[in-house]
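User: I would like to go through the assignments in this model and hear the reasoning behind each one. Please set the values against the criteria.

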Amino acid sequence: MKVLIVGASRGLGLEFVRQYRSSGAVVTATARDAQGLVRLEALGAKALNVDVADVASASGLEWLVDGEAFDVAVYNAGAYGPHSSGLDTPTAEEFDAVMHTNVLGAMRVLPQLNGVLAPGAKLAVLSSRMGSIGEREAAFGWLYRASKAALNSVLKDASLVLKGQATCVALHPGWVKTDMGGSGADLTPERSVTDLRKVIAGLRTADNGKFFNHDGSAIAW
Ligand SMILES: NC(=O)c1ccc[n+]([C@@H]2O[C@H](COP(=O)([O-])OP(=O)(O)OC[C@H]3O[C@@H](n4cnc5c(N)ncnc54)[C@H](OP(=O)(O)O)[C@@H]3O)[C@@H](O)[C@H]2O)c1
């Protein structure tokens, strides 16, 4: 099996690489600094230097993976931005940093995967239940929420374009103990990624364009 993880220097991305490598998969993964690239190589992955928020860097991915046929591709890169509690207007810089990583980065990366997915491939983006409008009960982190709602829209469009070629889904990993989730979170990265890999492995073509929790249950858009 061939796997691509985009944004894998630490946290859930790195754990995806560790677990897919342990299962014997051939893994290509990206990071945007030297330490991240070293961590990926230490796990036996082919490490590529990609910053999804940089147009020149991100647009080079297609060339870096030319000729590959990935069975699983995961867009994991993400940024939380300001920890707002109410309707605190973000600065333009805060808005751009979050939206460029979570949304524009996906709009750069997903089109480039079109030619490097194996028949019947699975394509997942790491979204968040915080991006769900249908299940929303709180407003903290509203810039992050808006970015994941937009990422969900991007994933839905990718699922329509890639229908028949790949099964495309948005995934919520749970609240996970990473730099983003913090030490008080519910799940370890090991538990979350074990669950997410199971969800990905169990995807059927009818699941194309859906939004799943790490336990496999559906989440409303
Ligand atoms: N942890 C949670 O509770 C939780 C809950 C719901 C959803 N998620 C989502 O799950 C994904 C992984 O989260 P995490 O908890 O592992 O977060 P994390 O520990 O903060 O790691 C974020 C990852 O994204 C990468 N990244 C950020 N900006 C990037 C860019 N411009 N180009 C390339 N890579 C970039 C980071 O690389 P650098 O090391 O280079 O910064 C890092 O590898 C994210 O999309 C996040 O929104 C997490």
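Analyst: This is a predicted model. A starting point is Ala73, whose bridge partner in β5 is Leu123.

User: What makes β4 and β5 a pair?

Analyst: Strands count as paired if there are at least two bridges between them. Five bridges join β4 (residues 70-75) to β5 (residues 117-126), so the criterion of at least two is met. The two strands run parallel.

User: Which order do the strands of the sheet follow, and what makes a strand an edge strand?

Analyst: The order is β3-β2-β1-β4-β5-β6-β7, seven strands in an open sheet with parallel pairing. An edge strand pairs on one side only, and that applies to β3 (46-49) and β7 (210-213). On average, neighbouring strands of the sheet are turned by 20° against each other, direction ignored.

User: Why are α5 and α6 called roughly parallel?

Analyst: Their axes cross at roughly 10° and come within 10 Å. Angles under 35 degrees count as roughly parallel, and therefore α5 and α6 are roughly parallel to each other. Residues making the contact include Phe95, Val98 and Met99 of α5 and Leu143, Tyr144 and Leu151 of α6.

User: Where does α6 lie relative to the sheet strands?

Analyst: Helix α6 (residues 142-161) lies across β5, β6 (166-172) and β7. Its angle to β6 is about 165°. Angles over 145 count as roughly antiparallel, so α6 and β6 fall in that class.

User: How do you know that Thr178 makes a polar contact with the ligand?

Analyst: An N or O atom in the Thr178 side chain is 2.4 Å from a ligand oxygen atom. The cut-off for such a pair is 3.5 Å, so Thr178 qualifies. Arg10 has a polar side-chain atom 2.7 Å from an oxygen atom of the ligand. For Gly78, a backbone N or O atom lies 3.3 Å from a ligand oxygen atom. The protein covers 94% of the 890 Å² of accessible area that the ligand has on its own.

Notes
Residues numbered from 1 in each chain as written. Predicted model: local features only at pLDDT ≥ 70, side-chain atom pairs only at ≥ 80, totals over all residues. Heavy atoms only, no water. Helix = DSSP H or I, 4+ residues; strand = E, 2+ residues; numbered from the N terminus. Axes fitted to C-alpha atoms, helices over the stretch in contact; angles between N-to-C directions. Contact = heavy atoms within 4.5 Å. Polar contact = N/O pair within 3.5 Å; in protein donor to acceptor, adjacent residues only side chain to side chain. Areas by Shrake-Rupley, 256 points an atom, 1.4 Å probe, with all protein chains shown as cover. Parallel < 35°, antiparallel > 145°, perpendicular 65-115°, else oblique.
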